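Good morning, colleagues. I should like to present one structure today, beginning with its overall division and then turning to a single helix and its aromatic contacts.

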Amino acid sequence: MEEFKALLRKYKKVIQRYYVQYLSGFDAVVLNDNIQNLTVCPEEESVIMSSFVTTLTSLSLKQGDEQFDFQGLRLDWFRLQAYTSVAKSTLSLREHPEIAKMMNTVIFHTNMLDQVERLLQEVSDLTTICFYPRTFEKLFAQNAEDFTQLRYLIAFPMVCAQFLNCIHPMCPEEFPHMQNRGVGMCKNFLDEISRLTSVCIIELCFEQRNLSEQVNTHIH
């Protein structure tokens, strides 16, 4: 997962170019067609949906990543859902699921432009593991016993670095506790990895020494 995240960050510009063209060349066209097919559309909802299409069609490859900001579009989408969810609304998204599906797709595509880091955190976040330390340590021990899995043990201390992501801004008192837990578990994992590495190196040295003695014996 860490390798995938590194690749995504490395080729962020390429991904952005792709989604800029996708949003302006496909999503905007399909969304506009869906809006045009509506038989009933109140003025306020029509203005919001028209702004969606305008925002998407105005995207250009000349824009830099610092200029992408779709927070307003997302808030308008939430506002539209609120307007169409009331009982007296003449436009119901339940009767037009194609618009809801298309807008949810658009929101995901916009996240690939201006909220890549947040999206990575949402889809690859393993912070909930911090609430199950015994299970996490047991998994580490099981992998440490399997010779084929030794190369992947470094993933365990890397996961510990994500523990602070689960802290909510309204609960700052949890920070020291989660920090101590993450640092403590990370230290224990690294110590064990160091010990296993030392054992492997010592065994290799002994093996090389035995081979060297056998070669010398045959020579003499």
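**Helix 7 and its aromatic partners**

The protein chain divides into domain 1 (1-123) and domain 2 (127-218), with bounds from an automatic or database domain assignment. The C-alpha centres of these two domains lie 41 Å apart.

This is a predicted model, in which local features need pLDDT of at least 70 and side-chain atom pairs count only at pLDDT 80 or more, while totals for chains, interfaces and linings use all residues. Residues are numbered from 1 along each chain as its sequence is written, and side-chain values use heavy atoms, with hydrogens and water left out.

Let me turn to helix 7; helices here are DSSP runs (H or I, at least four residues), numbered from the N terminus. Its buried residues (under 20% relative accessible area, 1.4 Å probe, protein chains only) are Pro133, Phe136, Phe140 and Ala144. They cover an arc of only 75° around the axis, which places them on the same side of helix 7; the arc is taken from the directions from the helix axis to the C-beta atoms. On the other side, Arg134, Lys138 and Glu145 are exposed, that is, over 50%.

What do the buried residues of helix 7 pack against? They pack against helix 8 (155-160) and helix 9 (175-219), with contact meaning heavy atoms within 4.5 Å.

Finally, the aromatic pairs, whose ring centres lie within 6.5 Å (planes under 30 degrees apart are stacked, over 60 edge-to-face, the rest tilted; for Trp, the six-membered ring is used). The structure holds ten. Phe136 and Phe156 have ring centres 5.2 Å apart and planes at 35°, so this pair is tilted.

Technical notes:
Helices (H or I, at least four residues) and strands (E, at least two) are DSSP runs, numbered from the N terminus.
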